[in-house]
Amino acid sequence: MDLVIGHPVITQVVFVGPYGVGKTTAVRTLSDVPVLTTESSTSMQQSRQVPLKPTTTVGIDYGEWTDPQGRRHALIGTPGQTRFSAMRRTALVADAAVVLWLYGNRGDGLTDADQWLTRLSFETELSRVVVAVTRIELGGGPELAEYRPILDNHLADIPLLAADPRGRLHVARVVDAARTNLEKEGVRRDR
Ligand SMILES: Nc1nc2c(ncn2[C@@H]2O[C@H](COP(=O)(O)OP(=O)(O)OP(=O)(O)O)[C@@H](O)[C@H]2O)c(=O)[nH]1
Ligand SMILES: [Mg+2]
């Protein structure tokens, strides 16, 4: 990968969430430079709710994206597996915007959302977090609106979107929401 020294990146957007939800996919979908990944082959068995996939992120995935207004974003994928959670915490630097990707086709989707927000509340400020729910169209999980009270329980007005990590426009919308949210957070801090 060609990295240009001193290349200005304005926003760091960190993707977090459960194993296999699509964090690496989202980085690959949107990045306009070759993505640097730390994927390793996995021997994890397919379980009821987790897709079988040949690789898992053990460190950081890194891509970059220039939005239509010319703003440059670093896209950072983190590992979903608990055993690599130290890497996630390392990526959650103080000035990062955070996207929590969740499965939208799981019966326990609301519990999962609640547990991830609790976890993140110890690792970052929830005012930096936006929530992106995948796979809603597959069914089997809650309606998008059902996530709202769970989110509000942690912090009012956490942005909530449905998005497919494989869709470029979807991921662009999510990253834009994360950037906008971070800017609002900046305004709140300046007051
Ligand atoms: N059907 C469907 N598949 C999806 C969707 N989003 C992601 N996927 C698939 O789910 C898989 C996600 O894999 P990864 O991107 O490696 O997931 P990850 O979150 O990086 O996983 P870890 O790094 O292991 O935590 C890919 O095969 C995607 O194509 C979706 O909305 N619908
Ligand atoms: Mg990954």
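Helices and strands here are runs assigned by DSSP, with at least four residues for a helix and at least two for a strand, numbered from the N terminus. With that in hand, you can read the protein chain as the pattern β-α-β-β-β-β-α-β-α-β-α-β-α. That comes to five helices and eight strands. Keep in mind that this is a predicted model.

**The chain as a whole**

The protein chain has 191 residues, and 48% of them count as buried. Take the contacts between residues at least 6 apart in sequence: 72% of them join residues at least 24 apart.

**Two nonpolar cores**

Let's look inside. The largest nonpolar core has 23 residues, and the members that touch the most others are F15, V99, W101 and V175. At least two residues each come from β1, α1, β6, β7 and α5. Helix α5 (168-190) gives the largest share, with seven residues. Another core lies apart from this one; it has 22 residues, including A74, L102, V131 and I158.

Two of the well-connected members, F15 and W101, also meet ring to ring. How many aromatic pairs are there by the ring-centre rule? The count is one. The ring centres of F15 and W101 are 5.7 Å apart and the planes sit at 85°; angles over 60 degrees count as edge-to-face, so this pair gets that label. F15 belongs to strand β1 and W101 to strand β6, 86 residues apart, so the pair links distant parts of the chain. F15 is buried, at 0% relative accessible area, and W101 is buried at 0% as well.

**Helix α3, one face in**

Now for helix α3, residues 109-123. Its 15 residues should span 21 Å at 1.5 Å a residue, and the C-alpha atoms at its ends are indeed 21 Å apart. Which residues of α3 are buried? They are G109, D112, A113, W116, L117, L120 and E123. Looking down the helix axis, you'd find these buried residues within an arc of 130°, so they line one face of α3. There's a simple bit of geometry behind this kind of pattern: an α-helix has 3.6 residues a turn, so residues three or four places apart point the same way. The cover over the buried residues of α3 includes β1 (11-16), α2 (85-91), β6 (97-103), β7 (129-134) and α4 (147-154).

**Helix α1 and the magnesium ion**

Helix α1 (23-30) is a different story. Why is α1 called largely enclosed by the rest of the structure? Because six of its eight residues are buried. Those buried residues are K23, T24, A26, V27, T29 and L30.

T24 has another role in the picture. The magnesium ion (ligand 2) has two protein donors, the OG1 atoms of T24 and T57, lying 2.0 Å from it. T24 sits in helix α1 and T57 in strand β3 (residues 55-57), so the pair ties together parts 33 residues apart in sequence. T24 counts as buried at 10% relative accessibility, and T57 is buried too, at 5%.

**T78, a loop residue on the inside**

T78 is in the loop between β5 (72-77) and α2. Is T78 buried or exposed? At 0% relative accessibility, T78 is buried. Beyond its neighbours within four places in sequence, T78 is in contact with V14, F15, V16, K23, T57, G59, I60, R88 and A91. So some of the names you've already met turn up here, including F15, K23 and T57. As for A91, its C-alpha lies 7.3 Å from that of T78, with their places 13 residues apart in sequence.

**Two residues with positive phi**

Finally, here are two residues other than glycine with a positive phi, R135 and D157.

| Residue | Phi | Loop | Relative accessibility |
|---|---|---|---|
| R135 | near 60° | between β7 and α4 | 22%, partly exposed |
| D157 | near 65° | between α4 and β8 (160-162) | 64%, exposed |

Why does R135 count as partly exposed? Because its 22% is not under 20%, the cut-off for buried, and not over 50%, the cut-off for exposed. D157, at 64%, is over that 50% mark, so D157 counts as exposed.

Conventions
Residues are numbered from 1 along each chain as its sequence is written. Chains are lettered from A and ligands numbered from 1 in the order in which they are written. This is a predicted model: local features need pLDDT of at least 70, side-chain atom pairs count only at pLDDT 80 or more; totals for chains, interfaces and linings use all residues. Side-chain values use heavy atoms; hydrogens and water are left out. The expected span of a helix is 1.5 Å times one less than its number of residues. Buried means under 20% relative accessible area, exposed over 50%, partly exposed in between (1.4 Å probe, protein chains only). The arc is that of the directions from the helix axis to the C-beta atoms. Contact means heavy atoms within 4.5 Å. A nonpolar core is a set of buried Ala, Val, Leu, Ile, Met, Phe, Trp, Tyr and Cys residues joined through side-chain atoms within 4.5 Å. Donors are N, O and S atoms within 2.8 Å of the metal (3.2 Å for Na, K and Ca); water is not among the atoms, so sites may look incomplete. Rings of Phe, Tyr and Trp (its six-membered ring) pair if their centres lie within 6.5 Å; planes under 30 degrees apart count as stacked, over 60 as edge-to-face and the rest as tilted.
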